[in-house]
Amino acid sequence: SSLAPTTKVKGYWSLYIDVLCISLDGNILDAAWYAIIAALKSSKLPYASWNQSEERIFCDGSLYHPISLRQSLPFTTTFALIPILKPSEHEATEMTIILNDPDSYEEDEASEILTILSTTDLSTAQSDPSQPPLLELKTRVEKIEKRGGWKIEMSQIESCTRLATSK
């Protein structure tokens with residue numbers, strides 16, 4: 001019987017990422033995640049190979065390969081719903097504004113916080129076999145988390161979702 005060859009892991013890379021915040025103007029977790037993904041996509045690792053006779057890993061400093069990330073990466077987008085009193089002649093009425101990428105002060109003032117987790121897949125579609133395949137981006141909402149009260153309307157959630165998936 002012919003057995004399929006097995007792969008033995010002899011070594012692996014460990015990457016450590018430090019995020020330094022110079023200014024907290026916006027949602028720090030969303031911004032840090034975008035920065036981490038951008039850093040990983042632009043990073044390259046030295047080519048490494050196993051030397052059987054010496055039983056050790058060698059790295060070639062002149063050959064590099066990009067880091068291979070998953071096709072579908074999650075991204076979060078945060079919104080804050082902030083109530084504002086609008087004065088009028090007879091009585092003050094409350095209206096709500098929605099802020100994308102709120103900072104900590106704006107989150108403290110918000111009556112509700114909405115965070116949308118979405119993924120984007122790159123796929124190919126071919127309608128005409130004589131033409132090259134077209135690349136399609138398909139964005140999918142994975143999770144919506146809401147903290148706070150119950151004033152947000154479904155149309156506002158849909159609007160925030162459209163904005164989050166268009167990034």
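**Exercise 1. Asp101 and Glu55**

Determine where Asp101 lies in this predicted model, and state which sign its phi takes.

*Solution.* Step 1: Asp101 belongs to the loop that runs between strand 4 and helix 2 (104-109). Step 2: its phi is near 60 degrees, a positive value in a residue other than glycine. Step 3: the background is that most residues other than glycine have a negative phi. Step 4: the relative accessible area of Asp101 is 33%, so Asp101 is classed as partly exposed, the class between 20% and 50%.

Glu55 can be treated in the same manner. Glu55 sits in the loop between strand 1 (44-51) and strand 2 (56-66). Although Glu55 is not a glycine, its phi is positive, at about 50 degrees. Its relative accessibility is 57%, and Glu55 therefore counts as exposed, for which the threshold is over 50%.

**Exercise 2. Strands 3 and 4**

Establish in which sense strand 3 and strand 4 pair, and over how many bridges.

*Solution.* Step 1: the pairing of strand 3 with strand 4 (residues 93-100) is antiparallel and extends over eight bridges. Step 2: the connection between strand 3 and strand 4 is a hairpin of six residues. Step 3: one of the bridge partners can be named, since Leu85 is matched with Glu94 in strand 4.

**Exercise 3. The largest nonpolar core**

Identify the residues of the largest nonpolar core and the element that gives the most to this core.

*Solution.* Step 1: the core holds eight residues, namely Phe79, Leu81, Leu114, Ile116, Ile152, Ile157, Cys160 and Ala164. Step 2: two or more residues come from each of strand 3 (73-86), strand 5 (112-125) and helix 3 (154-165). Step 3: helix 3 makes the greatest contribution to this core, with three residues. Step 4: beyond its neighbours within four places in sequence, Cys160 is in contact with Phe79, Ile98, Leu114 and Ile116.

**Exercise 4. Cysteines**

Count the disulfides, and classify Cys21 and Cys59 by accessibility.

*Solution.* Step 1: a disulfide is a covalent bond between the sulfur atoms of two cysteines. Step 2: with sulfur atoms required to lie within 2.5 Å, the count is zero disulfides. Step 3: Cys21 has 37% relative accessibility and so counts as partly exposed. Step 4: Cys59, with a relative accessible area of 46%, is likewise partly exposed.

**Exercise 5. The aromatic pair**

Find how many aromatic pairs the model contains, and describe their geometry.

*Solution.* Step 1: the count is one aromatic pair. Step 2: Tyr34 and Phe75 form this pair, with 5.0 Å centre to centre and 20 degrees between the planes. Step 3: planes under 30 degrees apart count as stacked, so the pair of Tyr34 and Phe75 is stacked. Step 4: Tyr34 lies in helix 1 and Phe75 in strand 3, 41 residues apart, and the pair thus links distant parts of the chain. Step 5: Tyr34 counts as partly exposed because its relative accessibility is 30%.

**Exercise 6. Asp30 and Ser118**

Decide whether Asp30 and Ser118 are buried or exposed, and list their contacts outside the local sequence.

*Solution.* Step 1: Asp30, in helix 1 (residues 28-42), has 7% relative accessibility and so counts as buried. Step 2: leaving aside neighbours within four places in sequence, Asp30 is in contact with Thr76, Thr77 and Thr78. Step 3: the side chains of Asp30 and Thr76 are joined by a polar contact of 2.6 Å. Step 4: Ser118, in strand 5, is buried because its relative accessibility is 4%. Step 5: with the same neighbours left aside, the contacts of Ser118 include Phe75, Val141, Glu142 and Ala164.

How values were computed
Residues are numbered from 1 along each chain as its sequence is written. This is a predicted model: local features need pLDDT of at least 70, side-chain atom pairs count only at pLDDT 80 or more; totals for chains, interfaces and linings use all residues. Side-chain values use heavy atoms; hydrogens and water are left out. Helices (H or I, at least four residues) and strands (E, at least two) are DSSP runs, numbered from the N terminus. Buried means under 20% relative accessible area, exposed over 50%, partly exposed in between (1.4 Å probe, protein chains only). A polar contact is a pair of N or O atoms within 3.5 Å; within protein, one must be able to donate a hydrogen and the other to accept it, and residues adjacent in sequence count only if both atoms are side-chain atoms. Contact means heavy atoms within 4.5 Å. A nonpolar core is a set of buried Ala, Val, Leu, Ile, Met, Phe, Trp, Tyr and Cys residues joined through side-chain atoms within 4.5 Å. Two strands pair if DSSP finds at least two bridges between them. Rings of Phe, Tyr and Trp (its six-membered ring) pair if their centres lie within 6.5 Å; planes under 30 degrees apart count as stacked, over 60 as edge-to-face and the rest as tilted.
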